[in-house]
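Me: I would like to check how each term is applied here. Please set the values against the definitions.

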Amino acid sequence: MTPARPVCLYEDHALLVLLKPAGLLCVPGRGPDKQDCLSARAQAHWPDALVVHRLDMATSGLVLLARNKTAQAQLSQAFAQRQVHKRYSAIAAGALHTKGWQQIDAPLRCDWEQRPRQMVDPLAGKPSTTRYCVAPDQTGVPSTCTRLWLEPITGRSHQLRVHLAHLGHPLVGDALYAPPSVQTLAPRLLLHAQSLGFAHPEHGKPLFFHSAADF
């Protein structure tokens, strides 16, 4: 049975921009029960689709795939050199009233005793930076929570989730880093990759994609 076709916002002969639902892996995991994933679904409809970057399983939003090795290498390099604009929409616990963009600098490493959790470690952690801003539109958000825009400058595993928890404002629905009272406020992690901007790997034309969060 052919997997469901992913929602596609853009396609050409060099790349695809797909929309990943929350709860779906980006790439196959270990074990037969973890083979359904965005890359497998994409390859069932675009056999040349190649992974460029990933989102956490619990996160929804825009994912970029390449359609040839050259484009994959160039796009991967753009991510590594921080030439890709990424913005997420999230709902965090607590009321934040900061003005403009703020920055979190907190080194991260794997919490080996509680994998796959990550943790802040000022001594052994890798440099990790996140920008955040209170979103101008708070429509529908409870007064006990705040909608944020998040921009990861570095790309550590679980970075946004750990940084917001470290700030004292864990993300709503986060089963790994939020206390039970915050986890149960939503049936899923309220984190969505809403914007991607990058140069086309062949002709260099700027491309920008936006997908509004459904929460």
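Me: What makes β5 and β11 a pair, and how many bridges join them?
Reply: This is a predicted model, in which local features need pLDDT of at least 70 and side-chain atom pairs pLDDT 80 or more, while totals for chains, interfaces and linings use all residues. Residues are numbered from 1 along each chain as its sequence is written, and side-chain values use heavy atoms, without hydrogens or water. Two strands pair if DSSP finds at least two bridges between them. Six bridges join β5 to β11, so the two count as a pair. They run antiparallel, and R87 stands opposite S195 in β11.

Me: Why are β5 and β11 called strands?
Reply: Strands are DSSP runs of E with at least two residues, helices are runs of H or I with at least four, and both are numbered from the N terminus. β5 covers 85-93 and β11 covers 191-199, so both are counted as strands.

Me: Which other strands does β11 pair with?
Reply: β4 and β11 are parallel and share two bridges, which meets the minimum for a pair. G61 is set opposite A193 in β11. β12 (residues 206-210) is antiparallel to β11, with five bridges, and F198 has L207 of β12 as its bridge partner. β11 and β12 make a hairpin with six residues between them, and G204 in that turn has a positive phi of about 80°.

Me: How do you know whether H158 is buried or exposed?
Reply: Buried means under 20% relative accessible area, exposed means over 50%, and partly exposed lies in between (1.4 Å probe, protein chains only). H158 has a relative accessible area of 11%, so H158 is buried. H158 lies in the loop between β10 and α3. In α3, Q159, L160, R161, V162, H163 and L164 are buried as well. In β11, eight of the nine residues are buried.

Me: What makes R82 count as buried or exposed?
Reply: R82 stands at 53% relative accessibility, so R82 counts as exposed. The residue is in the loop between α2 and β5.

Me: Why is phi mentioned for R82 and H158?
Reply: Most residues other than glycine have a negative phi, and most peptide bonds are trans. R82 has a positive phi near 60°, and H158 has a positive phi near 60°. G168, just after α3, takes a positive phi of about 95°. As for the peptide bonds, the one joining R115 and P116 is cis, with omega about 10°. P116 belongs to the loop between β7 (108-110) and β8 (118-120).

Me: What makes an empty space a pocket, and what volume has the largest one?
Reply: On a 1 Å grid over the protein atoms alone, a pocket is an open set of points with protein on both sides within 12 Å along at least five of seven lines; in a cavity a 1.4 Å probe fits but cannot get out, and lining residues have an atom within 4 Å of a point. Points are joined across faces, edges and corners, and a volume is the space filled by probe spheres on the points. The largest pocket comes to about 1400 Å³. Among its 46 lining residues, R54, D56, R156, S157 and H158 are the closest to its centre. β11 gives the most to this lining, four residues.

Me: How many residues of each class line the largest pocket?
Reply: There are 23 nonpolar, 12 polar and 11 charged residues. Ala, Val, Leu, Ile, Met, Phe, Trp, Tyr, Cys and Pro count as nonpolar, Asp, Glu, Lys and Arg as charged, and the others, Gly among them, as polar.

Me: Which residues line the second largest pocket?
Reply: They are Q74, L75, Q77, A78, Q81, Q83, F198, A199, H200 and P201. By class, five are nonpolar, five polar and none charged. Four of the residues come from α2, which is the largest share. The volume is about 150 Å³.

Me: What volume has the largest cavity, and which residues line it?
Reply: The largest cavity has about 50 Å³, and the count of cavities of 30 Å³ or more is one. Its lining is C26, V27, L38, S39, V51, V52, H53, V63, L64 and L65. Eight of these are nonpolar, two polar and none charged. β4 gives the most, three residues.
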